[in-house]
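Could you walk me through this structure in the viewer, one selection at a time? I am new to this, so please say what to click on and what is there.

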Amino acid sequence: MTVLFVNACLRGEESHTLKLCREYLEGREDVKEVNLAELKLEPYYAGPVAFRAQLEANNRFDDPLFDLAKDFAEADEIVIGAPYWDLSFPAALKIYVEHVCAMGITFHYTEQGACEGLCKAGRLTYITTCGGRVEGMNFGYEYFCGIAKMFGIPETRFVAAENLDVVGNDNEASMAAARQQIAKLRAEG
Ligand SMILES: Cc1cc2nc3c(=O)[nH]c(=O)nc-3n(C[C@H](O)[C@H](O)[C@H](O)COP(=O)(O)O)c2cc1C
C-alpha cells in the first residue's frame with residue numbers, strides 16, 4: 001500500500017493543515033511525500049507545453065518531466081493537504097496538477113474519444129483548514145473531485161477544521177472536531 005502525500009501546506013511546520021495531515025498519516029508505512037514548498041514548480045507556458053506534447057506524441061514517457069505524474073498514477077491512495085486559500089487552495093497546488101495531468105500516464109482518450117482515468121488509487125483524501133467556513137464554497141475539494149473522476153479514482157473524502165482565524169473562536173475545539181473526522185476515516189480503513 002503506497003500513499004502519495006501531496007503537501008501544499010506552504011507555511012511548513014506552522015501549518016494547522018500539516019498537523020492534521022500528519023495525524024491522518026500516522027503509522028502508515030510507505031508514504032511518499034511531495035513537498036510543494038520545496039519543489040517550487042513552474043507553471044506551464046507555451047514552450048514547455050509544446051515540449052511535453054512532443055514527448056507524449058513520441059511515447060517518450062521515460063523523460064523525468066513525467067516523474068510526478070507517474071508517482072500519482074502508481075499510488076494506492078492520494079492524500080492532498082492544502083489550506084483554504086482564496087476559496088480554494090494555494091496556486092502551487094494548481095501548478096502541481098498541471099504537472100500530473102499527463103496524457104498517457106494519469107489519463108488518456110479512448111478510440112471513442114472518451115476521457116479515461118489511468119490511476120491506480122482507490123481514493124483521494126483532501127485535508128484542509130480554513131480561516132472562516134468552507135460550506136457552500138468548497139471549490140478546492142470540488143475541483144479535486146473532478147480531477148479524481150478524470151483520473152479514474154472512485155472515492156473522495158474530505159476533512160476540514162474551520163473558523164481558525166475568527167476572533168474568539170475556540171481553535172482547539174475546531175481542530176479537535178477535525179481530528180474526530182480523521183479518526184473516523186482511519187477507522188474506515
Ligand atoms: C493567502 C491566503 C488566503 C486565504 N484565503 C482564505 C479564504 O478565502 N477563506 C478563508 O476562510 N480563509 C482564508 N485564509 C485563511 C486560512 O484558510 C487559514 O488561516 C488556514 O488555517 C491556514 O492554514 P495553515 O495553518 O495550514 O496554513 C487565507 C489565508 C491566506 C494566507
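Start by selecting Thr129 and the ligand together: a polar side-chain atom of Thr129 lies 2.9 Å from an oxygen atom of the ligand. Keep in mind as you go that this is a predicted model.

Add Asp165 to the selection. One of its polar side-chain atoms is 2.8 Å from a ligand oxygen atom. Now add Arg11, where a polar side-chain atom sits 2.7 Å from an oxygen atom of the ligand. To see the wider setting, show what is around the ligand: 15 residues surround it, and the closest are Arg11, Ser15, Thr17, Tyr84 and Gly132.

**Next stop: Val159**

Select residues 155–161, which form strand 7, and pick out Val159 within that strand. Is Val159 buried or exposed? Its relative accessibility is 0%, so Val159 counts as buried. Buried means under 20% relative accessible area.

What does Val159 touch, once residues up to four places away in sequence are set aside? Show Tyr126, Ile127, Thr128, Ala178, Gln181, Ile182 and Leu185, and you have the list. Try the distance tool on one of these partners: the C-alpha atoms of Val159 and Thr128 are separated by 6.3 Å, although the two residues are 31 residues apart along the chain.

**Next stop: His99 and two crossing helices**

Move to residues 91–100, which make up helix 5, and find His99 there. His99 has a relative accessibility of 13% and therefore counts as buried, since the limit for that word is under 20%. Leaving out residues up to four places away in sequence, His99 touches Leu41, Glu42, Tyr44, Arg52, Leu68 and Ala69.

Two of those names lead you on. Leu68 and Ala69, together with Phe72, are the helix 4 residues that meet Tyr96, His99 and Val100 of helix 5. By class, this contact has five nonpolar residues, one polar residue and no charged residues.

Colour helix 4, residues 67–74, and compare its direction with that of helix 5: they pack at an angle of about 85 degrees, with their axes 7 Å apart. What do we call such an arrangement? Helix 4 and helix 5 are roughly perpendicular to each other, because angles of 65 to 115 degrees count as roughly perpendicular.

**Next stop: helix 5 again, with helix 6**

Keep helix 5 on screen and add helix 6, residues 139–151. Helix 5 and helix 6 pack at an angle of about 10 degrees, and their axes are 13 Å apart. Helix 5 and helix 6 are therefore roughly parallel to each other, as angles under 35 degrees count that way.

Which residues meet here? From helix 5, select Leu93, Lys94, Val97 and Val100; from helix 6, select Tyr143, Phe144, Ile147 and Phe151. This contact divides into seven nonpolar residues, no polar ones and one charged residue.

While helix 6 is highlighted, click on Met150, which lies in it. Met150 is partly exposed, with a relative accessible area of 25%. Its contacts, apart from neighbours within four places in sequence, are Cys101, Phe107, Cys115, Glu116 and Gly117. For a distance across the model, link the C-alpha atoms of Met150 and Leu39: they are separated by 25 Å, and the residues are 111 residues apart along the chain.

**Next stop: two loop residues**

Go to the loop between helix 3 (46–57) and helix 4, and select Asn59. Its phi is near 55 degrees, a positive value in a residue other than glycine. Asn59 is exposed, with a relative accessible area of 59%.

Then select Asp86, in the loop between strand 3 (77–81) and helix 5. Asp86 also has a positive phi, of about 50 degrees, although it is not a glycine. With a relative accessible area of 74%, Asp86 is exposed.

**Last stop: Val31**

Finish at strand 2, residues 31–35, where you will find Val31. Is Val31 buried, partly exposed or exposed? Val31 has a relative accessible area of 35% and is partly exposed. Show Val3, Phe5 and Leu25 as well: Val31 touches these residues, not counting those up to four places away in sequence. Finally, draw a line to Glu77, 46 residues from Val31 along the chain; the C-alpha atoms of these two residues are separated by 9.5 Å.

Conventions
Residues numbered from 1 in each chain as written. Predicted model: local features only at pLDDT ≥ 70, side-chain atom pairs only at ≥ 80, totals over all residues. Heavy atoms only, no water. Buried < 20%, exposed > 50% of the residue type's maximum accessible area, 1.4 Å probe, protein only. Contact = heavy atoms within 4.5 Å. Axes fitted to C-alpha atoms, helices over the stretch in contact; angles between N-to-C directions. Parallel < 35°, antiparallel > 145°, perpendicular 65-115°, else oblique. Nonpolar A, V, L, I, M, F, W, Y, C, P; charged D, E, K, R; others polar. Near = heavy atom within 4 Å. Polar contact = N/O pair within 3.5 Å; in protein donor to acceptor, adjacent residues only side chain to side chain.
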